[in-house]
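Student: Could you take me through the ligand site of this model up close, and then through the parts of the fold around it?

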Amino acid sequence: MASSGSNQQDHRLVTYCRSNNLYTLKVYEPHGKREVKKRKRDDDGESQQDSLHTPEINLPTSQEEEPPYVIVVQGPPNVGKSLLIKSLVKYYTNQQLDDIQGPVVTVVLGELRRIQFVECPNNINGMIDAAKYADLVLLLVDAAFGYEMETFEFLNLLKIHGFPNVAGVLTHLDEFVDTEKLNETKQRLGRQFWKEINDGAELFYLSQLSNGMYQNCQIQKLAEFISAMKFYAVPCRDAQPYMLVDRFEDVTPPERAHIDKKCDRNINLYGYLRGCNMKRGTKMHIAGVGDFPINGITSVIDPYPLLSADNRDNLDEVTRLDMESFRTGTYIRLEIQDVSFGIAENFDPCHPILVGGISLEEDKVGYLQVRLKRHIWQEKLLKTGEPVVVSVGWRRYETRPIYAIEGSRLNEKLPYTPWDAYCLAMFWGPLAAPTGPVAVHNAADNEGVFRISATGVVLDSNQAAKIREISKRIGIPCEIYKKTALIKDMFKSDSEIKKFEGALVKTARGVGGEVKTARGVFGKIIKAREGDQLTQGIVRCSFRSEISMSDEVFMPVWKQVEVPRAFNLFSAPWKSNERRRAVVFVEEPPSFLAGSKQLELSDDYQAKKHVWSKKIPKVKVAQRNYGDERLLRRG
Ligand SMILES: Nc1nc2c(ncn2[C@@H]2O[C@H](COP(=O)(O)OP(=O)(O)OP(=O)(O)O)[C@@H](O)[C@H]2O)c(=O)[nH]1
């Protein structure tokens, strides 16, 4: 277990493993006198480099231990995420981490626990993935600025993806000069935090820096909380294996890449197996890239073993595992071939990569029916047929949903998602388990005030619901006999007319009428027109009053809507929002709006944060830019 400030820490060692620009910090305690001596020699610079590389074996191991817990440090830009990771590493190991150069920092806390720190990216795709692999989330809030949108966007994603453990951390508290104001801010932010999470949720305060780091005495409480806390499992993650990649290798033969720089890549991904055991032959999804068969899966020596752990196995165990499956907690290497060039082109050594297993059911493409609701803070409605990014299961992909009002037999197409009600969304894409959560964000809008457009749940998979929309057929009179008229161009054949007998029609002037029969049975006319080309599709309609030859006649008809059969699994990473988006909570809204949750603009964040303004529209979210800030107020 980690302990602070003890002599033991002097012997701890920090090493970096570098592979294709991906760094992992490895911190562990030596055990036994021999090891302590050896580590000291290494410290003196004798042979440190040799020990940095993870030795690889081609045999599975029999680790009984669980994979390291993933601690996602999340918050808006400049809130202090990197500083917190560095300060925690310093506390646990007494080692200074100058720069975090990889997506994952692994710390071994003695014999029982390993943890991995991940700085949550602020782009929406990175946040979606982080919500799926986090075991504990440290939500950082800049207390001097107040709540920002990233916090609530991430909370929303956590809520739909199973809600792991969450603790809050208030930073920048040293920027308050007035103690009264400081206490009032702590209370106010705390109240809101407990309201969003739950009453007993842990909240930590970091109020002073020393030598550019958070002070050890303040970090201690948080570090001890992490060392001792009971992590509860997030049930929806146990159905499939998944992996948070901590090492990435591009192993494309150089000659191939030389001939064609944009050729498909061969890659190796390393990480701990999580979720459930992994069978050979499981297909995996790389978030934002695509689905791939695994060309090779190998158990490699755990680079960060627990201090009691012995990774060498007897042959029986090796054979058993080799034949059956790979156990969770095993450190594995996945070999994947022919990955699109985009993964190399967009590779960011600091961006965490999520890889998730795909069940046989999910390995198909078809229609998904989802019950969806616009997020109450979302200022834009989603337009039917316009591309959005949906996150379902491990995957996120671009698709074009059609929105509809759910009906008992037929569903009526909507041009936009409703403002404040559930609707049915149907789209084409890789299938997912029914009842799985869905998050949607607008594919064209990374700068929105609130970037989660809607959330929902999968109702049905691989079943196309019938969606209909109303359209109108237009015809023009060709002959008029008082209140009866022959209308052409509305139908193609007489047999088609038969299906519409009795249907209502209307002229542009509003004269109502009814479809009677095809012209063919209208004796006189049929004789007059025999030999004409227009023998089919002319309909006799009767109207309430006489119509004129210049009238257009309309007939409303329902037609079935085709859902576009297209999706795109690859999504190039987006940049983070550069603007700060403050959220200000009005503590006591007037009773007529109590409980409602609309967002509003505040002209002056500091002065108006406790003032309720009735001038601002009741439901609609307005937005304006104030210098480099967007200030929003929620009632
Ligand atoms: N005064 C003060 N400065 C802080 C505090 N926390 C962080 N900082 C400073 O804020 C700046 C940004 O800190 P980082 O740790 O890089 O923030 P970050 O959240 O990792 O930023 P991004 O990676 O850009 O999202 C650094 O200069 C820190 O020293 C704090 O509590 N008080």
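Tutor: Here is the ligand site, followed by the core, some helices and a few single residues.

A word on the source: this is a predicted model, where local features need pLDDT of at least 70, side-chain atom pairs count only at pLDDT 80 or more, and totals for chains, interfaces and linings use all residues. Residues are numbered from 1 along each chain as its sequence is written, and side-chain values use heavy atoms, with hydrogens and water left out.

Let's start with the ligand. There are 15 residues around the ligand, and Lys81, Ser82, His172, Asp174 and Tyr214 come nearest (a residue is near a molecule if one of its heavy atoms lies within 4 Å of it). By class, this shell has 6 nonpolar, 5 polar and 4 charged residues. Here Ala, Val, Leu, Ile, Met, Phe, Trp, Tyr, Cys and Pro count as nonpolar, Asp, Glu, Lys and Arg as charged, and the others, Gly among them, as polar. Helix H2 (residues 81–93) gives the largest share of the shell, 3 residues. Helices (H or I, at least four residues) and strands (E, at least two) are DSSP runs, numbered from the N terminus.

Now the polar contacts, meaning pairs of N or O atoms within 3.5 Å; within protein, one must be able to donate a hydrogen and the other to accept it, and residues adjacent in sequence count only if both atoms are side-chain atoms. Tyr214 puts a polar side-chain atom 2.6 Å from a nitrogen atom of the ligand. Glu119 has a polar side-chain atom 3.0 Å from a ligand oxygen, while Gly80 uses a polar backbone atom, 3.1 Å from an oxygen atom of the ligand. The protein covers 69% of the 650 Å² of accessible area that the ligand has on its own (Shrake-Rupley method, 1.4 Å probe; for residues, only the protein chains shown count as cover).

On to the core. The largest nonpolar core has 46 residues, and Val72, Tyr133 and Phe154 have the most contacts inside it. Such a core is a set of buried Ala, Val, Leu, Ile, Met, Phe, Trp, Tyr and Cys residues joined through side-chain atoms within 4.5 Å. Buried means under 20% relative accessible area, exposed over 50%, partly exposed in between (1.4 Å probe, protein chains only). Among the elements that each supply at least two residues of this core are strand E3 (69–74), helix H3 (124–133), strand E7 (165–171) and H5. Helix H4 gives the most to this core, with 7 residues.

Some of the helices deserve their own look. H3 is mostly covered: 10 of its 10 residues are buried, including Ile124, Met127, Asp129, Lys132 and Tyr133. Helix H5 (residues 179–196) has 18 residues and spans 26 Å from its first C-alpha to its last, close to the 26 Å expected at 1.5 Å a residue; the expected span is 1.5 Å times one less than the number of residues. Asp178 caps the N-terminal end of H5, with a side-chain oxygen 3.0 Å from the backbone nitrogen of Glu180. Among the buried residues of H5 are Leu182, Arg188, Phe193 and Glu196. Helix H6 (residues 216–228) has 13 residues and reaches 17 Å from its first C-alpha to its last, close to the 18 Å expected. Its buried residues include Gln218, Leu222, Phe225 and Ile226.

Finally, a few single residues. Asn165 sits in strand E7 and counts as buried because its relative accessibility is 8%. A polar atom of the Asn165 side chain lies 2.8 Å from the backbone oxygen of Asp135.

Most residues other than glycine have a negative phi. Asn94, however, has a phi near 65 degrees, a positive value. Asn94 is in the loop between H2 and strand E4 (104–109) and is partly exposed, at 40% relative accessible area. Asp338 also has a positive phi, near 55 degrees, but its place is in strand E19 (residues 331–339); Asp338 is partly exposed too, at 45%.

Val300 lies in the loop between strand E17 (296–299) and helix H8 (315–323) and is buried, with a relative accessible area of 0%. The C-alpha atoms of Val300 and Arg333 are 33 residues apart along the chain and separated by 6.7 Å.
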